[in-house]
Amino acid sequence: MTQELSLVSAARTRAAELNELFATCDCLVDAETMQAVYARLADQITHVLHDRLPVVLAVMNGGLIPAGALLSRLNFPLEIGYVHATRYRGETQGGALQWLALPQIPLAEREVLIIDDVFDEGVTLKSIAASCCDAGATRVWVAVATNKVHDHKVSDFLPDFVGIDVPDRFILGEGLDYNGFFRNVQGIYALPQEN
Ligand SMILES: O=P(O)(O)OC[C@H]1O[C@H](OP(=O)(O)OP(=O)(O)O)[C@H](O)[C@@H]1O
Ligand SMILES: Nc1nc2[nH]cnc2c(=O)[nH]1
């Protein structure tokens, strides 16, 4: 077999494995419900931020999909940027937060809205919000598509806008990945529970 053919064959095998895994996942929130969640979140954000010229920062990579869904529903002046901070890196347990990209837009004397896919333990968003404050933001707001319900959150920090509560399971879809895959899936799914 040529090298190209063996790469195609390996990709096919991996795709089949991923499809098989996805078929065993539980749908926690369907695609239609997520659209309603984004619409409600966008209304709440608009109510608060419509005249504050915010800088809106997507948290890459997972915040990309919710940020896109929300931004297309925000009809007021704002600037768009991103930060990239990660602590799961393809794993199902989080580690130390690693910064890959700082905000490009100066945040001094600006209101900032950070958008991410999940508020799990909260380490990521608490740290990103603190770094925006350190950069001189006058007020930092945080919006998340999902909030995981459990009792091991960081202290003294909560998101301002929460889409929908989900149980304490490893989830994927709407920006959330499993080994880098499934971020593009519409709706929120959970890996099968171990018995
Ligand atoms: O509340 P926490 O427990 O800190 O976890 C939440 C963070 O974990 C995920 O990012 P991840 O580190 O997987 O990076 P990614 O978005 O690039 O996949 C997710 O997108 C959040 O940013
Ligand atoms: N993909 C994914 N990333 C996360 N980061 C924190 N919690 C989760 C989760 O449940 N799924």
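The following paragraphs go through this predicted model from its helices to its sheets, its loops and its two ligand sites.

Helix 1 covers residues 3–23. At 1.5 Å a residue, its 21 residues should span 30 Å, and the end C-alpha atoms are 30 Å apart, so the expected and computed spans agree. Helix 1 is hardly covered, as the count of buried residues among its 21 residues is zero.

Helix 2, residues 31–49, passes the same check of length. Its 19 residues should span 27 Å at 1.5 Å a residue, and its end C-alpha atoms lie 26 Å apart, which agrees. Unlike helix 1, with its buried count of zero, helix 2 has buried residues, namely Met 34, Val 37, Tyr 38, Leu 41, Ile 45 and Leu 49. These residues cover an arc of only 100 degrees around the axis, and therefore they sit on the same side of helix 2. The face turned away from that buried side carries Glu 32, Ala 39, Asp 43 and His 47, which are exposed.

UniProt, in an unreviewed entry, places the feature "domain: Phosphoribosyltransferase" at residues 33–177. In the model this span is 26% helix and 31% strand, and its end C-alpha atoms lie 19 Å apart.

Two pieces of strand pairing can be described next. In general, strands of a sheet pair through backbone hydrogen bonds, either parallel or antiparallel. The parallel case is seen in strand 5 and strand 6, which pair over eight bridges. Strand 5 consists of residues 111–119, and strand 6 of residues 139–148. Within this pairing, Ile 114 has Val 142 in strand 6 as its bridge partner. Strand 6 is mostly covered, with seven of its 10 residues buried.

The antiparallel case is an open sheet of three strands in the order 1-9-8. Strand 1 (26–29) and strand 8 (171–172) stand at the edges and each has a single partner strand, so one side of each is left without a neighbour in the sheet. Strand 9, residues 188–190, is joined to strand 1 by three bridges, and the two run antiparallel. Asp 26 stands opposite Ala 190 of strand 9.

Several loops have backbone features that deserve a look. Leu 53 is found in the loop between helix 2 and strand 2. Its phi is positive, about 45 degrees, although Leu 53 is not a glycine. Is Leu 53 buried or exposed? A residue counts as exposed if 12 or fewer other C-beta atoms lie within 10 Å of its own. Leu 53 has 12 other C-beta atoms within 10 Å, so it is exposed.

Asp 156, in the loop between strand 6 and strand 7 (161–166), is another residue other than glycine with a positive phi, near 55 degrees. Because Asp 156 has 7 C-beta neighbours inside 10 Å, it counts as exposed.

Asn 61 lies in the loop between strand 2 (55–60) and helix 3 (64–71). The peptide bond that joins Met 60 and Asn 61 is cis, with omega at about 5 degrees.

Gly 95 lies in the loop between strand 3 (79–86) and strand 4 (98–101). With 11 other C-beta atoms within 10 Å, Gly 95 is exposed. Its C-alpha atom is separated by 30 Å from that of Ala 31, and the two residues are 64 apart along the chain.

The two ligand sites remain. Ligand 1 is surrounded by 17 residues, the closest being Gly 62, Tyr 88, Asp 120, Glu 121 and Thr 124. By class, this shell divides into five nonpolar, six polar and six charged residues. Which element supplies the largest share of the shell around ligand 1? Strand 5 does, with four residues. Helix 4 (123–134) supplies at least two residues of the shell as well.

Ligand 2 is surrounded by Tyr 88, Val 118, Asp 120, Phe 170, Ile 171, Leu 172, Leu 176 and Asp 177. Six residues of its shell are nonpolar and two are charged, with no polar residues. Tyr 88 and Asp 120 are named around ligand 2 and also among the closest residues to ligand 1. Ile 171 and Leu 172, from the shell around ligand 2, make up strand 8 (171–172), one of the edge strands of the open sheet.

Notes: Residues are numbered from 1 along each chain as its sequence is written. Chains are lettered from A and ligands numbered from 1 in the order in which they are written. This is a predicted model: local features need pLDDT of at least 70, side-chain atom pairs count only at pLDDT 80 or more; totals for chains, interfaces and linings use all residues. A residue is near a molecule or strand if its C-beta atom, placed from the backbone, lies within 6 Å of it. Ala, Val, Leu, Ile, Met, Phe, Trp, Tyr, Cys and Pro count as nonpolar, Asp, Glu, Lys and Arg as charged, and the others, Gly among them, as polar. Two strands pair if DSSP finds at least two bridges between them. UniProt positions are given in the numbering used here, feature names are shortened, and annotations may be inferred rather than shown by experiment. The expected span of a helix is 1.5 Å times one less than its number of residues. A residue is buried if 20 or more other C-beta atoms lie within 10 Å of its own, exposed if 12 or fewer, and partly exposed in between; C-beta atoms are placed from the backbone. The arc is that of the directions from the helix axis to the C-beta atoms.
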